[in-house]
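Me: I'd like to learn how to read a structure like this one. Can we start with how two parts of a chain hold on to each other, then look at a helix?

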Amino acid sequence: MNFDSNNSTQVSQDDPFGGNLLDRAKRVLPGGVNSPVRAFQGVEGDPPFLHSAQGARVRDEDGREWIDYISSWGAILLGHAHPDLIEAVCDAAGRGTNFGLTTEAEIDLAELVCDLVPSIEMLRMVSSGTEATMSAVRLARAATGRDKILKFAGGYHGHADSFLVAAGSGNATFSTPDSDGVLKAVAENTLIARFNDLNSVQQAFDAAPLAAVILEPVAGNMGCIPPEREFLENIRGLCDEHGTLLIFDEVMTGFRLAAGGAQEVFQIMPDLTTLGKILGHGLPAAAYGGRRDLMQMISPLGSVYQAGTLSGNPLAIAAGLIALEAIVEDPSLYNDLEENAARLEKGLWHAINSRGFPCNVQRVGSMWTLFFTEEKVREFEDAQLADTQAFARFHHYAMQNGVLLPPSAFETAFLTLAHDTETIDETIDALVDAIERTYT
Ligand SMILES: *Cc1c(COP(=O)(O)O)cnc(C)c1O
């Protein structure tokens, strides 16, 4: 039995699913993966199949080990397989994996989030960042009675239709679907501006009444791009002026840049915030929250419908509680992260500057990207100038040297608390050697 006539792998009669892991994966999962970037297409390599992780390191099914900077795409803060978290999740599992009714732990977590995140007075738990952003936009449309939203080129807010939209040719009012299957009618309601470019934002405000502006306050999904301070301030001002809601998508930055996320760092308060990643610390928990008057519009209090069988799942809540309690108990953990991340940045810059490599490190706290372009990256178009061939070679050598980076030139790498000084120094040596080999 052979399911795939293009597949050269021998498939035994006894074991129709035989073959190596990659072949087996490709037969039953599109591209062999459950999320596209995992296929390693951006680095033209074969993806590893992971077996386990501990602290700052991951290990694959062949026993190869790497220092991990994917960190579950930013969801891991305390380090992999943190003993307290494992215990809490096992304990929760022993009491039942999901009830579909409310537990006390959900209130505990919601109270912690309200305490930590300055602009959140009330929140709704969901299971993924995609659900959070999709629901926040629905709420913004309901609250304003407007259809159109504004997002930024290169900004990622999950895979809901409203966000899979690309900028049309030079005109803020003309957007097109960025994925087949997304209706033009949906895409037309999402305007696109350029990150760190206030003019493009002003143009969008001039073009149509906007329900919401949604952005990553520190961009992380086109590589790490810090916002210019006035950029965020001015967007807040424009939103106030036009009765538009400001949504900070802090799925990545929440609990990562500070206990209160980017809004605490930049002291700019959005109307709505979306959270995910660290909120579940590797289990499926996410949330959207903000002003009480807005959140009271959510069903069953109000008329904006949103629901979920697994929302507030006890295992995910248990994991989130461990992560947030660790933050409350030791707020100085952000200093440790900053110190080690700065050490890594300095080590890379030293090699880049002294050897004249055409690269550039950008970092905010524990988020960083080594861009294969010399110019500072301020927005998506700058990021797209990166030499992706060079990045692919670099990624390959980095893996050979024991360091696992996100397999795309346009992703952010993440430190966890388990990335100690020793691990950082090991990383610097490995990456500097990888850059050298990339250019020889
Ligand atoms: C990861 C991410 C999302 C999507 O979250 P999922 O849990 O993958 O659906 C949304 N917004 C930002 C900023 C993200 O980094």
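Me: How many salt bridges does the rule find across the interface of domain 1 and domain 2?

Reply: Keep in mind that this is a predicted model. Look for a side-chain nitrogen of Lys or Arg within 4 Å of a carboxyl oxygen of Asp or Glu. Across this interface the rule finds three such salt bridges. As for a salt bridge you can look up, try Arg378 and Glu228, whose side chains meet at 2.7 Å, N to O.

Me: Which element gives the most to the side of domain 1 that touches domain 2?

Reply: That's E14, with four residues. Between the two domains, 16 residue pairs are in polar contact.

Me: And how much area is buried between domain 1 and domain 2?

Reply: About 2600 Å², with carbon and sulfur atoms giving 61% of that. On the domain 1 side, Tyr334, Met367 and Arg378 supply 24% of the area buried against domain 2, more than any other three residues.

Me: Now the helix. Which residues of H14 are buried?

Reply: Here's the general idea: an α-helix has 3.6 residues a turn, so residues three or four places apart point the same way. In H14, the buried ones include Phe391, Phe394, His395 and Ala398. The buried residues of H14 pack against strands E3, E14 and E15 and helix H15.

Me: What happens at the start of H14?

Reply: There, a side-chain oxygen of Asp387 reaches to within 3.1 Å of the backbone nitrogen of Gln389. Just after H14, Gly402 takes a positive phi of about 90°.

Note on methods. Residues are numbered from 1 along each chain as its sequence is written. This is a predicted model: local features need pLDDT of at least 70, side-chain atom pairs count only at pLDDT 80 or more; totals for chains, interfaces and linings use all residues. Side-chain values use heavy atoms; hydrogens and water are left out. Buried means under 20% relative accessible area, exposed over 50%, partly exposed in between (1.4 Å probe, protein chains only). Helices (H or I, at least four residues) and strands (E, at least two) are DSSP runs, numbered from the N terminus. Contact means heavy atoms within 4.5 Å. A polar contact is a pair of N or O atoms within 3.5 Å; within protein, one must be able to donate a hydrogen and the other to accept it, and residues adjacent in sequence count only if both atoms are side-chain atoms. Buried area is the accessible area (1.4 Å probe) that two parts lose on being put together, summed over both.
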